[in-house]
Amino acid sequence: MFEIKRPIATEQSTIKNDKSIKDAVKACIDRRLADKTVLEQGHLYIDILKLIEQPLLAHTMTHTRGNQVQASKLLGLSRGTLRQKLKTHGML
């Protein structure tokens, strides 16, 4: 179900990737802020969190080969909370 892909990363490339992620999130937030519907609904935090949470959970589950105990420890969540989040995103 989950396959593992481990890219070899140097410290330099990790810092560069972190900046890319931050830039991508910032751009996404800017696009959301430009949308009047989002501003009227007031769900910006939840919308952004959902966008980030799903790939984080998916990649973590792939990294741990579907082991929920390992994934929950890695994420700093209880196993029950992890399962709830996986269900929310249709991953369980």
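Which residues are buried in helix 3? The points below start from that question.

1. **The answer.** This is a predicted model. In helix 3, the buried residues are Ile-48, Glu-53, Leu-57, Thr-60, Met-61 and Thr-62. Keep Glu-53, Leu-57, Thr-60 and Met-61 in mind. They come back below.

2. **The chain as a whole.** The chain has 5 helices and 0 strands. Along the sequence the pattern reads α-α-α-α-α. There are 92 residues, and 17% of them count as buried. The exposed area of the chain is about 7,200 Å². Carbon and sulfur atoms supply 56% of that area.

3. **Contacts along the sequence.** Take the contacts between residues at least 6 apart in sequence. Of these, 40% join residues at least 24 apart.

4. **Helix 3 itself.** Helix 3 runs over residues 44–63, which makes 20 residues. From its first C-alpha to its last it reaches 29 Å. At 1.5 Å a residue, 28 Å is expected, and the helix comes close to that. A general point helps when you look along a helix. An α-helix has 3.6 residues a turn, so residues three or four places apart point the same way.

5. **Helix 3 against helix 5.** Helix 5 covers residues 79–88. Helix 3 and helix 5 pack at an angle of about 115°. Their axes are 10 Å apart. The crossing of the two helices is left-handed. Helix 3 brings Glu-53, Leu-57 and Met-61 to the contact. Helix 5 brings Leu-82, Lys-85 and Leu-86. By class, the contact has 4 nonpolar residues, 2 charged ones and no polar ones. Glu-53, Leu-57 and Met-61 are also on the list of buried residues in helix 3.

6. **Thr-60.** Is Thr-60 of helix 3 buried or exposed? Thr-60 counts as buried because its relative accessibility is 6%, and the cut-off for buried is under 20%. Leave aside the neighbours within four places in sequence, and Thr-60 is in contact with Ala-71, Leu-74 and Leu-75. Thr-60 and Leu-75 are 15 residues apart along the chain. Their C-alpha atoms are separated by 8.0 Å.

7. **Arg-65.** What is the phi of Arg-65? It is positive, about 55°, although Arg-65 is not a glycine. Here is the background. Most residues other than glycine have a negative phi. Arg-65 comes just after helix 3. It lies in the loop between helix 3 and helix 4, and helix 4 covers 68–75. Arg-65 counts as exposed because its relative accessibility is 61%, and exposed means over 50%.

8. **What to look at.** Find Thr-60 in helix 3, then Arg-65 in the loop that follows, between helix 3 and helix 4. Thr-60 counts as buried, whereas Arg-65 counts as exposed.

Methods. Residues are numbered from 1 along each chain as its sequence is written. This is a predicted model: local features need pLDDT of at least 70, side-chain atom pairs count only at pLDDT 80 or more; totals for chains, interfaces and linings use all residues. Side-chain values use heavy atoms; hydrogens and water are left out. Helices (H or I, at least four residues) and strands (E, at least two) are DSSP runs, numbered from the N terminus. The expected span of a helix is 1.5 Å times one less than its number of residues. Buried means under 20% relative accessible area, exposed over 50%, partly exposed in between (1.4 Å probe, protein chains only). Axes are lines fitted to C-alpha atoms, for helices over the stretch in contact, and angles run from 0 to 180 degrees between N-to-C directions. A crossing is left-handed if the near helix is turned anticlockwise from the far one by less than a right angle, and right-handed if clockwise. Contact means heavy atoms within 4.5 Å. Ala, Val, Leu, Ile, Met, Phe, Trp, Tyr, Cys and Pro count as nonpolar, Asp, Glu, Lys and Arg as charged, and the others, Gly among them, as polar. Accessible areas come from the Shrake-Rupley method with a 1.4 Å probe; for residues, only the protein chains shown count as cover.
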